[in-house]
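Good morning, colleagues. I would like to speak briefly about salt bridges and internal cavities in one protein model. Please look at the structure as it appears on the screen.

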Amino acid sequence: MAASLILWGHALAALLFGVLALSQLRHAADALPRLTFVVALGSTTLWALAVAGIGANDLTTLLAESLRNLAWLSFMFALVRRDDRSAMGNAIGVVFGVVALIVLAGGGLAMIAALLPAADTAAMVRAAMVLRMMVAVSALLLVHHLYAAVAPKARGGILLVVLALGGMWTIDLLLYAVGYAGSSATVALTAARGIAMALLVPVFALAVHRNGDWTLQLSRTVAYQSFTLAAIALYALTMAFATSMIGAIGGLDVRIVQTAFVFGSTAALLGIVSTPWLRAWAKVKLAKHFFSHRYDYRAEWLRFTETLGKPGDGAAPLEERIVKAVADLTDSPGGLLLVPEGAGLGQGAAWNWDMRDLPAQGGEAGLARYLESTGRIVELDAVRGDSADPEEATHMPLWMLDHASAWVLVPLVHFGKLVGAILLARPAIDRRPDWEDLDLLRIAGRQVASYLAEARVHAALSEAQRFDEFNRRFAFIMHDIKNLVSQLSLVARNAERHADNPDFRADMIATLQDSAARMNDLLARLSQHHSGRTEAAGPVELMPLLERVAAHRRAQHPIVVGGARDALAIADPGRVEQLIGHLVQNAIEASPSDDPVAVMLGAIDGAVTIDIVDHGPGMSPAFIRDQLFKPFVSSKAGGFGLGAFEARQLAEAMGGRVEVFSRAGEGTRFRVTLPVARADRPMIGRAA
C-alpha cells in the first residue's frame, strides 16, 4: 500500500510540476526570477519522477533532490537580485552560496557512499542525512528572511511562494529527522511527501499569476543574521565532518575524543567570537565589501536620538550622553567634551576617557577661533603625520597630539558660534576617517550643538527666573518697608507732642515691637526657602486680629473697629494680618488726617466679610478695572502699586477674594471675603 502511494503520489506531483513548467516556458526569458522558477519546476519534476520510478534512496534520486534544492535556492536568490539598486546582493549571495555548498556536500557524500561497500557506509549515510537536515533548516530560515525582508506593502505578492517553499522544506526536514532517528515511519512520510508536493503545485500556480511586487528591500540586520546563520551552518558542517573522521579512525575511546573535540572547539570559538576586536573587524569588513555605504543611517540615527533623549532619573547627564551618542556612531570607545572657557576651550564631560592625562587648565584660544571660523573636523593622525593643513597643525595643542588614542576632533557649531568640541578616541579597528565618517560626524555635531545650546539657554532662563523671583520678592519687601517707614515716621512726629502720655507710650512700644517683627518677617521672605510667618489654614477669630492691626496703626491715624465679634473664618492668621495691614495702610494714606478709617467685620451668605472703609478721593471704575490690581501701578506719588495686588494674592491663596466699591470724591470700600468656619472647631491664631 505504501509503495503504491509513493509511486502514484510522486507521479502525480511530477505530472503537475511538469505541466506548470511547460505553461511558464514562454515567460522564462522575461526576467531572471521567471527563468529560475521554470528551472526549479523542471528539476522538481525530474526528482518526483525519480522517486516514483527508481526509489527514494537511489543515488540518482538523491542527486536529483540536490539539483532540485539548488534550483529553488537559485530562484530565491534571483528574487533577492531582482532589485539591482539593492546593496545587499553580495552579502545575501554569500549566505546562499554557503547553503549551496552544503547541498553539494550532501550530494558528494551520497556519491562516495554509493561507490563503497555497504558495510563501510553507515556513518557516511548518517552524515549525509545530517547535511540534508541542515539544508532544510537553512532553507527554512532563508525563506523566513525572504518574507521578513520584502517591503511590507509587497508581501502579498510573495506570500504564496513563501508558503509553498516553506511547506516543501518542512516536509523534507520532518522526513530526514525521522529517518535519522531510525523510525519505521519513514516509508509513510515518504508517501505523504508525494501527496503534499502535488498539493503545493496549485499554490505555486496561484503565486505565478499574482501581480505582486517581488522586489526585496533587505536591512543590514537581516544581512548580519544571515551571515550568522551561514557561520553556524559552516561550523556544524565542520564539526560533523571532524567527528565523522574521528569515528572512522575508531578506537576504544572514540566517544570521549569526539566529545572533547566538540567541547574544546566550541570553547575556543566562543572565546574568539566574544572579543570586541573581532566583532569590530567583522563589522568593518562586511560594511566595506558588501554594502555601498558604511552606515545604516536609519539605525544609526535612531540609536543617536535615543541616547540623546534618554529619560529618567538614572540617566547620565546631557553632556555625557552627547559624547556617547557621537562616539557610538564611529564605534569609538570613548570621548571628551571640550567647552568654551574664556577665549579658549576647557574640559567638560567625559565618557570612558581617562581625565588624569589632561592638562590642569584650559586654553587653546587659537584652536577655538579656528574651529569656529572653519567648522572643520580635525583628523589628528594627519596632523601628526604632517599631512594636514599648516594652519590646522599650528592651532592643535600638544597634549592632544601626544594622546595616542585621540582620533578626531569634532567642532560643535551652532548658528556660527562654537558651543564646544568633542574629541573622539580611536576605534578598536584603527582606520582613517573617510568622507562618510566625516559627513556623519559633521551632521551629528550640528545636532548635538543645538542640544547643548538649548540646554544652556534653559539654564540661563532658569537663572533669570530665580533673579526675577528675587526681584519680585524684593519689590514687595520695598513696599512693606515703605509702609513701616511711614508708620514709624508718624510715631516719631507724634512722640514730640505726646511723649508724656502713658497710653501713647504703650501704643508706641507696641508699634515698635510690631515693626521689628514685621522687619524680621520681611527678611525671611527674601529667602526662597522660607515663606515668613504663615500657619496652616484653620478657624480664626478675626475680631482680636483686626483690633491688633488697628492698635498698631492708631498712632498714625484714627481707626474704628466694629461688627460681628464672634465671626470665625478658615484662614491663615499671618496672611490675614498682612492682607488687612496692606488695605488699612492704603486707607490711611487716602484719608484726611481727622477722618477715621472704619474696619467692619460681618457675615454674608455663609462667608465672613471684612470691610475697610475710607472717605478719601475714591477711584474711577476704569482705574479699578485696569490698574488697581496690577503690580507697580500706583495713583500715589512715590507709591509702589503693590498693596492691593498682594492683598488679592493673599486672599485668593486662602480661598477668598477681594472686592472694591468706590466712587470718585466719596471714598472707597475694600471687602475681603473668607470662608466661614464652624464654631465647634478648635481655633488657631487667637490674638493675645
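I begin with R431, whose side chain forms a salt bridge with D437; the closest N and O atoms are 2.5 Å apart. Please bear in mind that the model is predicted. R431 has a relative accessibility of 16% and counts as buried because the cut-off is under 20%. D437 is buried as well, with a relative accessible area of 0%. There is also a network: salt bridges that share partners join D381, R384, R426 and D430. By the rule applied here, the count comes to 19 salt bridges.

Which parts does the pair of R68 and D172 tie together? R68 lies in helix α3 and D172 in helix α6, residues 155-180, so the salt bridge links parts that are 104 residues apart in sequence. The closest N and O atoms of this pair are 2.4 Å apart. R68 is buried at 0% relative accessible area, and D172 is buried at 2%.

The side chains of R376 and D389 also meet in a salt bridge, at 3.8 Å from N to O. Here R376 is partly exposed, at 38%, and D389 is partly exposed, at 33%.

I turn now to the cavities. A search of the whole structure finds 3 cavities of 30 Å³ or more, and the largest has a volume of about 90 Å³. Helices α3 (59-81), α4 (89-115) and α5 (122-149) each give two or more residues to the lining of the largest cavity. That lining divides into 5 nonpolar, 4 polar and 2 charged residues; among the lining residues are E65, R132 and N69.

Conventions:
Residues numbered from 1 in each chain as written. Predicted model: local features only at pLDDT ≥ 70, side-chain atom pairs only at ≥ 80, totals over all residues. Heavy atoms only, no water. 1 Å grid on protein atoms, 1.4 Å probe; cavity = no way out; pocket = protein on both sides within 12 Å on 5 of 7 lines; lining within 4 Å. Points joined across faces, edges and corners; volume = space filled by probe spheres on them. Helix = DSSP H or I, 4+ residues; strand = E, 2+ residues; numbered from the N terminus. Nonpolar A, V, L, I, M, F, W, Y, C, P; charged D, E, K, R; others polar. Salt bridge = Lys/Arg side-chain N within 4 Å of Asp/Glu carboxyl O. Buried < 20%, exposed > 50% of the residue type's maximum accessible area, 1.4 Å probe, protein only.
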